[in-house]
Structure formats: C-alpha cells, structure tokens
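User: I'd like a close look at one strand pairing and its surroundings. Please work outward from there.
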Amino acid sequence: MNPATALATVLVDELVRCGLTDVVLAPGSRSAPLALALHAESRVRMHVRVDERSASFLALGLARRSERPVALICSSGTAAANFHPAVIEASESGVPLLVLTADRPPELRGTGANQTIDQVKLYGTAARWFVEVGAPEDRPGQVAYWRSLACRAYHRATGPADPGPVHLNLAFREPLIPDGDTSWSEPLDGDATGPWVRTRVAPPPVALHIAPTRRGVLVIGDGAANVRRYVAAAGMAGWPVLSEPNGGGRYGDHAVSTYHYLLGTPEFADTHAPDVVVTLGRPGLSRPLLSWLKRAQEHIVVASDLDRWPDPTRSATQVAQAVEIPVASGDDGWLNSWRHADQAARAAVDQVLDTSGTSEPRLARDLADALPNGALLFCGSSMPIRDLDQAMRPRRGLRLLANRGASGIDGAVSTAMGAALAHNGPSYALLGDLSFLHDQNGLVLGPREPRPDLCVVVVNNDGGGIFSLLPQAALRDPFERVFGTPHGVDLGYVAAATGTPYRLVEELGDLSKALRGEGPRVVEVRTDREENALVHARLRDAAQEAVRAALA
C-alpha cells in the first residue's frame, strides 16, 4: 500500500471511531487519497461542493446545528485559502471544524511547483490547533501517530471549554490513488474497541453564587449555552429576560421582546439601571442594550472558557463558567415595570408594522410567526437578524441560527444549507439580496448530493439596506454607488440557473402559501430601501412615545 493511501485510510477510520458523521469535500487532485477513503467509508455522510468557500460554510452550518465536529477537505493551493472566512467564523462562534488540507510534500515547496503555497499555519490564530502532519512513510510507529493525532484533533475541536476549528495540513507524495497492494510494515487497524485516545470529562465547574435581588436582568446573545436552565432561574428570581432571537431565550412570561426600544428611550433606561446583569453568549445586535449594560452595578459574563469571554462594552465585573441565580422574595414591581413598558411598546410596534405594507421588519415578524413548531430559521447577519430582534414576538418551538461570530455576509446560503441538512425538521432562511448573491453558488447541488428541506426567503431591496439606516445615508452624492450598491439582478434567473424552484411574493398575506414545498427553494420579497428607512424611524418614534406614556 502506498503511504498516501495508508494515511488517508487510517485518519478517516479513526475520526469515524471518534464520532465523525459528516464530511464536506471540495474536489482536487492532491486530496485524492482522502476523497477515495471517504467514498469507501459507509459510516459517514459525504457532501461534495465544487466551490471551496461554499463547501466550508456548508460544513460550518452542519457543525453549528449538530453541535459536533464536521470534517472539511480540500486540495492544495488557493483551495485552502478559500476556507479562511468560514474558519474565522467558526473560531469566533466556537463551532467545531476539522479542516484537512492536502499539501505538496516538502521537496516541492518553494520551488514554483504547481498549486503550491505556504499552508503552514495558514489560518493563523483562527485555528485552535495546527499540525503539520508530515509526509507519510512506510515504517513502524506511523499508525499510532496518525490515530493519536486524529483523536486529539477531534477532541480539541469539540473543546469542551473552547470548541473551534482545528487544522491538519497533510503532505501527500504520489502515487495518490490505491495501487492494489495491501501490505504495510505494521497493522493499519487500531484498537478495535474504540478511539485511540480516550478522554475523561472534567467535573462541572463550581457555580458563582450571587446575592438575591429583584433588580436583576438576564441578557442572552448568540452562542449562549444552557439557556433553558438560566431562563427558568431568572423566572424564579423575578428577572426580565432580554434575548436576541438567535440567543434562544425569547419565550415565556419574562421575555421582553422590545428591549431595543425600551433601552433606547432615555426616560426608561435612566430609571431601570439594574443591580446585576447576567450575560450569556455574545449580545451585539442592539446599540441601546450595549450602552445600557454599562449602567449595571454588577455585570457577570458566563463563559465556558475563562481565557476567552465576550465583553465588547468592557463592563464585565466578573466572569464565571456558571452562575447560580437565587430565588428572590419581595416586590414584583421591577418585573412588572418591564412588562408594562414592553406591552406598550409591543402594541405600538405591531400597529406600525400592520400598516407598513410589505416592509422588511414586518416580513421578519410575520415569518417568525408563520413557521411551524420544530422549524429552523437561519438569519442573515446584517438586516434580517436585526429586523427579527426589533420585530419578533416571543414564541417557543423555533430554532434560530446566524453567523454572528464575525458577522460577515459571506457563505449565508451554504451555511443555511448545512444547518438544514443537520436539522430534523423543516428549515428556512431569511437573507438579504446581497448575502444571497454573494453565495449563490450555495444553490449548486450535484445530482447525488443530500438535499435539504430549505426555503430561502430573500429580501430584495436592490442593494445594501443596512447602510440606509447609518450616517452614510446623509452623503447623498456618493451614497448610492459606494454604499447602496444596486445590482439590478433578477433573482428568478439566479434560481433558474440551478433548477431551484422560485416564487415571488408581492403581498405578505401570500407568504404562508409561498413557504410551502419540499427541498431547496427560493422565495423573493421585494422592498424599497428608502421606505424601509422610514418604517424603522416610525417604529422607533411610536415605540418610544408609547414607553413614555406607560411611564407617565
């Protein structure tokens, strides 16, 4: 057996023993040993994509929804460089990825050899762990090295305290395909009873106990863990819960869905400075919320890894791996004041949305309301997730995801595809037109590839809608070309190019009907950027007026 085939066979076998179930492959010549080993492995589900960037975000979506490592494989050269954006997002979001890049052997590097670049530590600090595996050789001791390495890579990607991407760079010498010879200097089989390396789970951390208080608030952002436990504890303590849609805590009697408008009203924010705020995950959608966090006497950030914790406002007073929120007795005035203001703002927001025609925040609200229990909704990182944050009503039974680690617009279609493939139920995505066009290759599926049940809802305002809500909009002369960036693309033709079913929704009353179907499909909703900016202004003014009236 040639060394390239031996290494690939052993690595794939050991990763499967560790628990690997999904692999995403971008085809290439130098990665042929891995591709052939995977094709022969019936215990994994393989996904093949012709575009490396699309492949990497597909793996990201699979790993994010399944919460387990997914292997990502490519050939050498710029193929590996195209993985970089997804590796960065995985690093910032704490998503476990196993990145296996094929490479030329050392004797070909630095010589101008074809498809050869410097791949050593290609992803820099975005990789939790990097290993230059070395060119395989037919000598005793290699199998133990390879199996141990595979196990360490798998377990390092999972964390458990700090999950993220791991990069193995694999130098393969020719021949790259099996030669028919099965002999090797030592048995290729590993320990038949399980993985080569067995890790022990550390005991749970000791929780930080905080003093009982009614004037506490639970804030939940992207990537939060143990959400249900903390929401239940906040309920027993009489705390309001301010959860971003993708935080997973916007449900129940204590959920305050209009916190963006409440905390953007000075009269409310000034009178509702909390004694303590407990933050889960990475909040980052609402500027009023981030500003308000600085007012807390005590701000406790819950983070699994005490070397890396989110604190963009630099207001954290304590960081803990777990927190005990004690039951607090006494007056419910604190919680009731939040509820009263929330109900007033909610009524004002809904009244504006109900009369806003086909507006973007109304689409976000109505879509979240219309989806069935057990559904997955992947949200674009720019305006769609913000519209949901400001317009979505509390509800149960809906799982929301977004690439909010680095918050880029790239790879959105592919990430949604991957998440849908890992989700046990109907899946949907809400994306802006630029995000959709940026990753239109995500719709390219080969005839033998697993096909997700995913409806992609595209908000088409012919450009970058978020910039119309930023100070750049005042620069009328250069704005449209360098910020608005109209594209004029007919999205129906984009869908047709890949044979993806397509529907145009002209009235939001037709949305529920348009969402029906199976498999990958696209639903377009056209809006106007300038009108959208006016709707957001009306929402802010109406909500703040209602909050002031409630306080009076």
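Which residue in strand 19 does L504 stand opposite?

Analyst: L504 stands opposite E524 of strand 19. This is a predicted model: local features need pLDDT of at least 70, side-chain atom pairs count only at pLDDT 80 or more, and totals for chains, interfaces and linings use all residues. Numbering starts from 1 along each chain as its sequence is written, and side-chain values use heavy atoms, without hydrogens or water.

Start with the pairing itself. Strand 18 and strand 19 (residues 521–526) run parallel and share 4 bridges. Strands are DSSP runs of E with at least two residues, helices are runs of H or I with at least four, and both are numbered from the N terminus. Two strands count as paired if DSSP finds at least two bridges between them. R503 has V523 of strand 19 as its bridge partner.

Now the other neighbour. Strand 17 also runs parallel to strand 19, with 6 bridges between them. There, N460 stands opposite R526. Of the 6 residues of strand 19, 5 are buried (under 20% relative accessible area with a 1.4 Å probe, protein chains only). Strand 19 is therefore largely enclosed by the rest of the structure.

Step back to the sheet. It is open, has 6 strands in the order 15-14-16-17-19-18, and is paired in parallel. Strand 15 (398–402) and strand 18 (502–505) are the edges; each has a single partner strand, so one side of each lacks a neighbour in the sheet. The twist averages 20° from one strand to the next. Angles run from 0 to 180 degrees between N-to-C directions, and axes are lines fitted to C-alpha atoms, for helices over the stretch in contact.

Two helices belong in this picture. Helix 13 (residues 383–391) packs on the sheet and touches strand 14 (375–379), strand 15 and strand 16 (427–432). Contact means heavy atoms within 4.5 Å. The direction of helix 13 makes about 110° with that of strand 16. Helix 14 (residues 412–422) lies across strands 14, 15, 16 and 17 (the last being 454–460). Helix 14 runs at about 160° to strand 14.

There is another open sheet. Its 6 strands are ordered 2-1-3-4-6-5, with parallel pairing. Strand 2 (45–48) and strand 5 (129–132) are its edge strands, each pairing on one side only. Here the twist averages 15° from one strand to the next. Strand 4 and strand 6 run parallel, joined by 7 bridges. L97 stands opposite P165 in strand 6.

Helix 5 (residues 84–93) ties in here. Its buried residues are A86, V87, E89, A90, S91 and S93. Their cover includes helix 3 (52–66), strand 4 (97–103) and strand 6 (165–171). G94 follows helix 5 and has a positive phi, near 70°.

Last, one void. The second largest cavity is lined by V12, L15, L20, V23, L38, A71, I73 and L100. Helix 1 (3–18) and strand 3 (70–74) each give two or more residues to that lining. A cavity is a set of points on a 1 Å grid over the protein atoms alone where a 1.4 Å probe fits but cannot get out; lining residues have an atom within 4 Å of a point. By class, the lining has 8 nonpolar, no polar and no charged residues. Nonpolar covers Ala, Val, Leu, Ile, Met, Phe, Trp, Tyr, Cys and Pro; Asp, Glu, Lys and Arg are charged; the others, Gly among them, are polar.

Methods: On a 1 Å grid over the protein atoms alone, a cavity is a set of points where a 1.4 Å probe fits but cannot get out, and a pocket is an open set with protein on both sides within 12 Å along at least five of seven lines; lining residues have an atom within 4 Å of a point. Buried means under 20% relative accessible area, exposed over 50%, partly exposed in between (1.4 Å probe, protein chains only).
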